[in-house]
Every structure is written in structure tokens, then in C-alpha cells.
Amino acid sequence: MLLWTTAGAAALAFLVALEFAARRYGQAGPLTHQVRELFLPPKSGPRLYAGLALTMVVLTWRQRLIAVGAAVAIDLVFVLVRWKIGAGMNFGNGALWVIVGCAVVALTRRTGAERVLLLKGVGLGLLLMAGQKAGDAWLLITSKTRPTVLDEYVLVADHSLGDPSWLAGRLVELTDPVSTHLLHLIYGQLPLAGALVALYQLRNVAVERRFPRHHLIRTFLVIGLIGPAIYMMFPVVGPVYAFGADGGVWAAAHLWPDTLPSVELPRPMPFDEITPRNCMPSLHTAWAVALFIHTRAGSRWMRFAGTFWLIGTLSATLGFGYHYGADLVAGVVFVLTIDAGMRASARGWTRSDTLLVAHGTAVFTALVLSYRWLPVPMSEHPWISGPLMILAMLSVIYGYLRLTASEKPEATPPVPPGPHPNEARPELV
């Protein structure tokens, strides 16, 4: 209970800090956006219902039916009112209202372990929603506080990998519109895919009355917490903006993906105050890899979905020009290091855990520093620097596989005999 209380307080303090930072630049922060969605048309209705689904993992099937019915009924009222007054149409308010209702019931009608369990479910649902809004605030801050970007440095370093973004961009153009529509769907709905995998991992919470020690949402949230801080230290906008038409007058040239720019001595580039500096490392790659590794213990269809989303996300990040190949290499090392640390914190640290996290941190730091300070030597010796980058990434992958292979599966506690602890209660939760 103490750990969850501390984590909740830290998350709230972080959101408050982002709220003040966003308001400093004349924009509403994540907390304001979340409160507005109680009444105004939400930005993403499916994500709000995904948050409700995460909250419902602690409920019985009867309570889940009541929760969904209440959410749909509230949404219908909102839709009718908006239709009547001619306001913007969207759905999802009902899901947020039900989550808030679950929190009220937990604080007023539950005690002990049942209260803690229900609040954990509410916290998961709210964090899924707040995570996106916190990310939007972070991206705003990066664009306002970093007037120059380091794309030329990553471009030159990326020569070591054969400039995969230019190759992938041309392949996507050749297969347009089929590839474009599919990859946009995969790229944009990654959070929803993560929520579905998390639901699969948490499917037994209502029966066992406890959460597993480690699950996907924990890794997702830490990635989103730490990653944007690195954006601030290494601001990069991506090839489609820095060297493509999407960058407008701020682009160094409109060459992506047809022609590779010729940059001999990289320099910081001035850029606008709108485009997020969100490339180094690639967090979409990190989240997709996290989704992939957390589906390995699932069913065949779950493993297939994890592989499909990983391949699709990697293809989209490169094919749309959102990232360089170097971003993806850093993203893989980044997520494996974080997930190893989260696993260790859940079951207790061992010497192997410490060595892997230290090794992953060292490799990630070496990669980022080399992109910044050694891009020219890397591009001049691609047959040395390219394989070294891949080998460094593979060393972290190998260490992670060895560590997870030695883990014992989490024991499932016996279900106590008799009725479900909440079955005798007719309320929502």
C-alpha cells in the first residue's frame, strides 16, 4: 500500500509540474485537459474506454456489465445534448465518469484490501488517459524550450546504418496508399494495443484479488516518464521535418525520401516552436518492443499480435520519416534496460539484474554521446561503426533474454473457497 501511495503521489506531483509548465507557454496542461473531458468532447473516445477496461479488471463480471452500461448510458445523454445544441460530436465522457465513480465508491464504501485493489484499478485507468496528455505537454515544452535541433548530427551518424529512413520512405511511397493507411493505423493505435495486451495480462486479477508483480503498463508509464527528459537533452525532429516538405521553410532542404542530403560538418539547426523534438530515443519503438516482449508468454494469437505491431511500428517510424535508424537502435536499448529494471524492482534485485541495467545504461549513454560527438568518424568508417552499434544493441538483447529465461513463473495463489468477496454486494463495485 505504501509503495502505491508513494507512486501515486509522485505521479500527481509530476502532472502538476507539467500543468504549470504548459500554462507558462499559454497552453492548458494534462490535468486541465483531463477535467475538461468530463464535460467536453474527448480527444480519443476509444482510449477513455480502454482506461475503463483497465479499471474493470478488478471487478466481477456482473459489476463490469453495470459499469459498461452506465458508461454507455451517460455517453448517450451527452450525444443527445450535443446534437440538440449543435456542439462537436464525440464519445467517451461516460467512461471517465464511471472511473471517477469507482474512485468515489472505493473511498466511501470499501475498506482494507478491497479499497486498495479498486483504487489500483482506478489508477491504471486514469494513468492511461493522463499519460497521453502528459506526453502532449512534454512535446509542447520541447518545442518551446529547444530552439535548435541536432538532426544533422543524427543524419551523419545514420550513414553507418545505411540511412534506413530514406530507403523505408521510398518503399512506403511505392506501396501507397495501402501501406500508408495500414501503417498510420498501427502507429496511431499503439496505446490501444498496449491496453489490450495489459488486459490480457491482468485478466485474472478479479479472481486472484491481486495484481501480478510486473505487467506492461508499468513499463509503458516509466518509458513515458523518462523518455521525454532525454528529448530535452537531445532535441531531434526527424527527417521528414528537418529534410522534408513537412518542415516547411525551417527544413534544411526538401529532399526526404528521394535524395540523401550532403552534410559534411553537422551543426545545430534552428527550427520552429511548434514541431516536437521527440526522436531521440524513439519511444514508439520502445513501446512497441515492450508490447512485443510482454506478449511472448501469451497465447499464439497474442504472440502474433505483438510481432505484427512491432514490425508495423518500426516500418511506420522509418517509412513516414519520423525517425532515423539511430533513434530505433537507441530505443531498443532504452526499453530493455527499463523493463529489466522494472522486473527487478518487482521481484527483488539480484547481481544479474544490476549488471544488465548498468550495461544497458552504459550502452545507451555511449550511443547517444557518439551520435552527438562522433558522427563524422562514424560516417567515415561505416563498416566499423555500423556493426559496432548493432553489436552493442545485440549485447543488451542477449543479456535481457538470458535474464528473463532464468526467471521462475509467478506462482498463482489458490482462490479461496466460497463466493467472490464482492458477490454479496449489489453496488457497482
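At 8% relative accessibility, K133 counts as buried, which is worth a look because this lysine is half of a salt bridge with E37, the closest N and O atoms being 3.3 Å apart. E37 sits in the loop between α2 (30-36) and α3 (45-55) while K133 belongs to helix α6 (residues 112-145), so the contact ties together parts that are 96 residues apart in sequence. The glutamate is tucked away too: with 6% relative accessibility, E37 is classed as buried. The model is a predicted one, and everything below should be read with that in mind.

In total, a search of the whole structure turns up eight salt bridges. Another of them pairs E19 with R23, at 2.9 Å from N to O. Here both partners come from helix α1 (residues 2-24), four residues apart, or about one turn of the helix. That spacing fits the usual geometry: an α-helix has 3.6 residues a turn, so residues three or four places apart point the same way. The two ends of the pair differ in cover, though. E19 has a relative accessible area of 8% and is buried, whereas R23, at 47%, is partly exposed. D272 and R277 make up one more bridge, with their closest N and O atoms 3.7 Å apart. D272 is buried at 12% relative accessibility, and R277 is buried as well, at 0%.

What about the cysteines? The disulfide count comes to zero. A disulfide is a covalent bond between the sulfur atoms of two cysteines. Among the cysteines, C102 counts as buried because its relative accessibility is 1%, and C279 likewise counts as buried because its value is 0%.

Turning to annotation, an unreviewed UniProt entry places "domain: Inositolphosphotransferase Aur1/Ipt1" at residues 174-337. Over that stretch the chain is 58% helix and 1% strand, and the C-alpha atoms at its two ends lie 36 Å apart. The unreviewed UniProt entry also lists "transmembrane region" at several places, including residues 91-109 and 121-141. In the model, residues 91-109 are 89% helix and 0% strand, with end C-alpha atoms 29 Å apart. Residues 121-141 go further, being 100% helix and 0% strand, and there the end C-alpha atoms are separated by 30 Å.

Helix α14 (residues 283-294) makes a handy check on helix geometry. At 1.5 Å a residue, its twelve residues should span 16 Å, and the end C-alpha atoms are indeed 16 Å apart, so the two figures agree. The helix is mostly covered, with ten of its twelve residues buried. Among the buried ones are L283, H284, T285 and A286, as well as I293 and H294. Things change in the loop between α14 and α15 (300-319), where A297 is found. A297 has a relative accessible area of 78% and therefore counts as exposed. The C-alpha atoms of A297 and Q201 are 9.4 Å apart, although these positions lie 96 residues apart along the chain.

A hydrophobic patch shows up on the surface as well. I384, L388, I390, L391 and L394 form this nonpolar patch, which has about 460 Å² of accessible area together. L394 belongs to helix α19 (residues 382-405) and, at 42% relative accessibility, counts as partly exposed.

The backbone has a few quirks too. D176 and P177 are joined by a cis peptide bond, with omega about 10 degrees, and P177 lies in the loop between α8 (164-174) and α9 (178-188). A cis peptide bond also links W256 and P257, this time with omega about 0 degrees. P257 is in the loop between α13 (239-242) and β2 (269-270).

Positive phi values turn up in residues other than glycine. For D163, phi is near 50 degrees. D163 falls in the loop between α7 (151-158) and α8 and is buried, with a relative accessible area of 10%. R209 has a phi of about 60 degrees, again positive without being a glycine. R209 is placed in the loop between α11 (205-208) and α12 (216-233), and its 17% relative accessibility means that it counts as buried.

Note on methods. Residues numbered from 1 in each chain as written. Predicted model: local features only at pLDDT ≥ 70, side-chain atom pairs only at ≥ 80, totals over all residues. Heavy atoms only, no water. Patch = residues over 30% accessible without salt bridge, like charges linked within 9 Å, V, L, I, M, F, W, Y side chains within 5 Å. Areas by Shrake-Rupley, 256 points an atom, 1.4 Å probe, with all protein chains shown as cover. Salt bridge = Lys/Arg side-chain N within 4 Å of Asp/Glu carboxyl O. Buried < 20%, exposed > 50% of the residue type's maximum accessible area, 1.4 Å probe, protein only. Disulfide = S-S within 2.5 Å. UniProt positions renumbered as here; feature names shortened; annotations may be inferred. Expected span 1.5 Å × (residues − 1).
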